[in-house]
Amino acid sequence: MMQEPEIKRWSAKRKTELIKQIYRGQTTIPEAAREFDLTQAEIERWISDAETGMENALKANPKDVAEQYEKQLSELKEASGE
């Protein structure tokens, strides 16, 4: 069996492919974390980000990326009391 080379940088394309595999039931978060030496929290954060992007993409009037970022930043500042 040939082992895949170690992934040093997780591009958006690689993250997307891993998330699709999880959604399709081809792997689980714990399995992927072990296989790729990632934390489960890291993968869960990628999934959360992907779900936010999917929700926006499916809206009748999607927000642009900058607007999404500003809203998220504002919510984080509000939550931290700034």
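**Figure 1. Where helix α1 ends.** Right after α1 comes Gly25, and its phi is positive, near 80°. Keep in mind for this and every other panel that we're looking at a predicted model. The helix that leads up to this glycine, α1, runs over residues 12-23. Count 12 residues in α1 and you get 16 Å from the first C-alpha to the last, close to the 16 Å expected at 1.5 Å a residue.

**Figure 2. The whole protein, for orientation.** Before zooming in further, here's the overall layout. You'll find four helices and zero strands in the protein, so to read it from the N terminus is to go α-α-α-α. Of the 82 residues, 17% are buried. Take the contacts between residues at least 6 apart in sequence: 35% of them join residues at least 24 apart.

**Figure 3. The buried face of α1.** Leu18, Ile19 and Ile22 are the ones to look for here, as they are buried in α1. Look down the axis of α1 and its buried residues fall within an arc of 100°, so they line one face of the helix. A bit of helix geometry helps: an α-helix has 3.6 residues a turn, so residues three or four places apart point the same way. As for what the buried residues of α1 pack against, it's α2 and α3. At the start of the helix, Ala12 also belongs to α1, but with a relative accessible area of 58% Ala12 is exposed. Ala12 sits 38 residues from Ala50 in sequence, yet their C-alpha atoms are 10.0 Å apart in space.

**Figure 4. α1 crossing α3.** Two packed helices are described by the angle between their axes and the distance between the axes. For α1 and α3, the angle is about 90° and the axes are 10 Å apart. That makes α1 roughly perpendicular to α3. On the α1 side, the contact is made by Lys15, Leu18, Ile19, Ile22 and Tyr23. Across from them, α3 brings in Ile43, Trp46, Ile47, Ala50, Glu51 and Met54. Sort the residues of this contact by type and you get nine nonpolar, no polar and two charged.

**Figure 5. α2 and its two sides.** Now to α2, which covers residues 29-36. Its buried residues are Ile29, Ala32 and Ala33. Seen down the axis of α2, they fall within an arc of 100°, so here too they line one face of the helix. These buried residues pack against α1 and α3. Flip to the other side of α2 and you'll meet Arg34 and Glu35, which are exposed.

**Figure 6. The loop between α2 and α3.** Two neighbours in this loop are worth a close look: Asp37 and Leu38. Asp37 comes just after α2 and takes a positive phi of about 55°, and that's in a residue other than glycine. Asp37 has 70% relative accessibility, so it counts as exposed. Leu38 is another story, since at 13% relative accessibility it counts as buried. Leaving out residues up to four places away in sequence, Leu38 touches Trp10, Leu18, Ala33, Ile43 and Trp46. Three of those names have turned up already as buried helix residues: Leu18 in α1, Ala33 in α2 and Ile43 in α3.

**Figure 7. A look along α3.** The last panel follows α3, residues 40-57. At 1.5 Å a residue, its 18 residues should span 26 Å, and the end C-alpha atoms are indeed 26 Å apart, which agrees. Buried in α3 are Ile43, Trp46, Ile47 and Asn56. Ile43, Trp46 and Ile47 also take part in the contact with α1, and Leu38 from the loop touches both Ile43 and Trp46.

Definitions and conventions:
Residues numbered from 1 in each chain as written. Predicted model: local features only at pLDDT ≥ 70, side-chain atom pairs only at ≥ 80, totals over all residues. Heavy atoms only, no water. Buried < 20%, exposed > 50% of the residue type's maximum accessible area, 1.4 Å probe, protein only. Axes fitted to C-alpha atoms, helices over the stretch in contact; angles between N-to-C directions. Parallel < 35°, antiparallel > 145°, perpendicular 65-115°, else oblique. Contact = heavy atoms within 4.5 Å. Nonpolar A, V, L, I, M, F, W, Y, C, P; charged D, E, K, R; others polar. Expected span 1.5 Å × (residues − 1). Arc of directions from axis to C-beta.
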